[in-house]
Amino acid sequence: MTPNLHNDVVLDAGEGTHLFTSASSSVTYATSNNLTTASTREHAAINILHSTTLSRLGSRTWEFATPLLLLEWSPGSLAAPASLGLTCALFRTIVSPWLGKLADEWDRMSTVWIGTSMQAAGCLMSVGALVLFNFSTSKMNGDDGGKLIHLLSLVLVITAGVIEALGAQLSSVAVKKEWLPIMFDEEATNILVTVAEKKKKSTTLLSLLDILPSPITLSFINTTMTNIDLLSAMFGPVLAGWVLEALAFKDSSMQRGFVLIALMNVISLAPEMYLLRKVYLSCSALQLRRGDSIDECKQSGESTSRNDSSNEEDRNPWILFINHPSGLPLLTISLASLYMTALSPAGVVLTSYLMTIGLSPTSIGAFRGFGAISGVVGIYFFSLLRKKEANESGERSTVAKSIERLRGLSLAFLLLEVVSILVAAAAYKNLRDETLTTSSVFDKSGEPMSWQIYLFLGAIVVSRAGLYSFDVGVLEIEQYIVDERYRNAVGSVEGALCSLCEMGMYVLSIALPNPSQFGWQVGVSASAVSFGGVCFGMFLCLYHMHLHQHGEDDHHAHNHSHGHHHHHHRHTLQQERDLKEFGYHIHLHRHGKSWR
């Protein structure tokens, strides 16, 4: 079947030449699995999206409830919640890359199973810590033994939060960074759909209602999952707040509500795993070992490139990340820099600042809601523009063209993010000496609020449209270019860098806690976002799509023709497959240093 598919692909050698390349590896996958019918693809997509909904809604309710519970340990102080936030960020930075590297050695279902099990263990441990806390409070009467148990229960609940956070990141990276590129590779799916639907049109109810596109693409899955995350960020805290308040009763204790939320999270993991198990069994490509195809290359006497060896580089996720080809470090740093910001509607730092200058909780809640809506709107336009460009390119759309479209659209939305944050920073500069005299943005009584606060908050809301759209674009580019063998490790390093940037802003806010010093946070945020824009600009300027074709004599040495010279460069597993089948591949290539 694979040779026939390859023969059907038309390679246009005219202007804007792009060849069918790394998608061929996914075709090899897809032709061996059951995702060759429209109905099976629809069911797999629905299962993934339902699983994501359960996972993200549970995580958002947990993230909202846990800091509030920690106030039981430090009444009237933010010390315990701040300790949890900093500890989780620290462990995600240090531990998650190594955990991701281990995940690349496990089978894919085991990775998700371990991640969800860690989440369940974290939730149950927190309930145990709460029981221990109540025991120390009621039985020890404040003596030294009671204080020790009290401290032990605090350490236990923070440990539980760390385990839950690491497990959530592990399973999220596995599904988004590894499962989806294999299951819903755009070009492989398009080719297989064309072949399959010539024989039989899908008549499922979902297709008739046009709920899902046909064919289902990687872009659709990515944007839908991001929208689910945004909606969960809106409704998760509302649901958690309602549960905490409903079960508070007369003593106003949040403990009963927290226990219910923790147990609901544990229970929800069962259907989540069931859905992912169904997806796993429906796609035999997910069941393949990561080294299967590359081992075949070895048996045929071909070199597997310099990045395929059991050396220190393969064992260290940070070295893997730094040496990854196609400009991945620049791309990832451009995204991670955007996380070193205090100008986030859902951020703890900005929320605290807005409270100190007089905004009411209702106004702040509305502000956070508008930020999430802005993200959804931005992603909608991102998808619309990408779909329009794809339609204009017609049947010649390939992975190479997809990457080029993503690069252009991602730049446009990143510029929206950068400009919006700079506008917000300029508005704050004029605002910082102003005094708010009303308690709410929507309160019309009293003296009107300064126009700068509207511009400040409005620009931050608009920036969310750029941020989330850029995040989707970067995710999809990474899904195309990251080596299949190291997707968990590379994805975890990205998460670690984002956590490191978030931790930097927390540390700055602790060092400069006075609201009158908030201008430092604003300045650092604007600088970090601008730096991210510069990094992505460098990525676009330095790395371009190039055809590398092997001649008969240089094939084994991996010398690649660029039309006039030969160079050595690193290969991903996907490129190795292309070299084996076609003798060429296309990748993002750095001018002057072709191995990048």
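Q: Which residues form a nonpolar patch on the surface here?
A: In this predicted model, the patch is made up of Phe-370, Ile-373, Val-377, Tyr-380, Phe-381 and Leu-384. Together they have about 570 Å² of accessible area.

Q: And where does Tyr-380 lie?
A: Tyr-380 is part of helix 17, which covers residues 361-393.

Q: Let's go inside. Which residues of the largest nonpolar core touch the most other members?
A: Those are Phe-456 and Phe-518, in a core of 89 residues. Helix 19 (residues 451-481) gives the most to this core, contributing 13 residues.

Q: What does Phe-456 touch, leaving out residues up to four places away in sequence?
A: Its contacts are Leu-343, Leu-350, Ala-424, Ala-427, Tyr-428, Leu-431 and Phe-518. So Phe-518 is on that list too.

Q: What does a second, separate core include?
A: That one has 29 residues, among them Trp-62, Ala-129, Ile-158 and Leu-244. As background, nonpolar side chains tend to be buried together in soluble globular proteins.

Q: I keep clicking on Ala-342. Where is its place?
A: Ala-342 sits in the loop between helix 15 (328-336) and helix 16 (348-356).

Q: Is Ala-342 buried or exposed?
A: Ala-342 is buried, because its relative accessible area is 3% and the cut-off for buried is under 20%.

Q: Which residues does Ala-342 touch, again not counting those up to four places away?
A: Val-349, Leu-350, Met-505, Phe-518, Gln-521 and Ser-525. Two of the names there, Leu-350 and Phe-518, also turn up among the contacts of Phe-456.

Q: How many residues apart in sequence are Ala-342 and Gly-523?
A: They are 181 residues apart in sequence, while their C-alpha atoms are 9.5 Å apart in space.

Q: New topic: how many salt bridges does the structure hold?
A: There are 11. In general, side chains of opposite charge can pair when their charged atoms come close.

Q: Give me one. What does Glu-63 form a salt bridge with?
A: Its partner is Arg-60, and the closest N and O atoms are 3.4 Å apart. The two are three residues apart in helix 3 (residues 38-70), so about one helical turn separates them.

Q: How accessible are those two, Glu-63 and Arg-60?
A: Glu-63 is partly exposed at 41% relative accessible area. Arg-60, at 22%, also counts as partly exposed.

Q: Which parts does the Glu-502 and Arg-92 pair tie together?
A: Their side chains meet in a salt bridge, 4.0 Å from N to O. Glu-502 belongs to helix 20 (residues 487-511) and Arg-92 to helix 4 (residues 79-94), so the pair links parts 410 residues apart in sequence. Glu-502 is partly exposed, with 29% relative accessible area, whereas Arg-92 is buried at 18%.

Q: And what forms a salt bridge with Lys-101?
A: Glu-105 does, with the closest N and O atoms 3.8 Å apart. Glu-105 counts as exposed at 57% relative accessibility, but Lys-101 is buried at 9%.

Q: Which residues do shared salt-bridge partners join into one network?
A: Arg-56, Arg-60, Glu-63 and Asp-229.

Q: Last one: why is helix 5 largely enclosed by the rest of the structure?
A: Because six of its eight residues (the helix covers residues 96-103) are buried. The buried ones are Ser-96, Pro-97, Leu-99, Gly-100, Lys-101 and Ala-103, so the buried partner of Glu-105 belongs to this helix.

Technical notes
Residues numbered from 1 in each chain as written. Predicted model: local features only at pLDDT ≥ 70, side-chain atom pairs only at ≥ 80, totals over all residues. Heavy atoms only, no water. Helix = DSSP H or I, 4+ residues; strand = E, 2+ residues; numbered from the N terminus. Buried < 20%, exposed > 50% of the residue type's maximum accessible area, 1.4 Å probe, protein only. Contact = heavy atoms within 4.5 Å. Patch = residues over 30% accessible without salt bridge, like charges linked within 9 Å, V, L, I, M, F, W, Y side chains within 5 Å. Areas by Shrake-Rupley, 256 points an atom, 1.4 Å probe, with all protein chains shown as cover. Core = buried A, V, L, I, M, F, W, Y, C linked by side-chain atoms within 4.5 Å.
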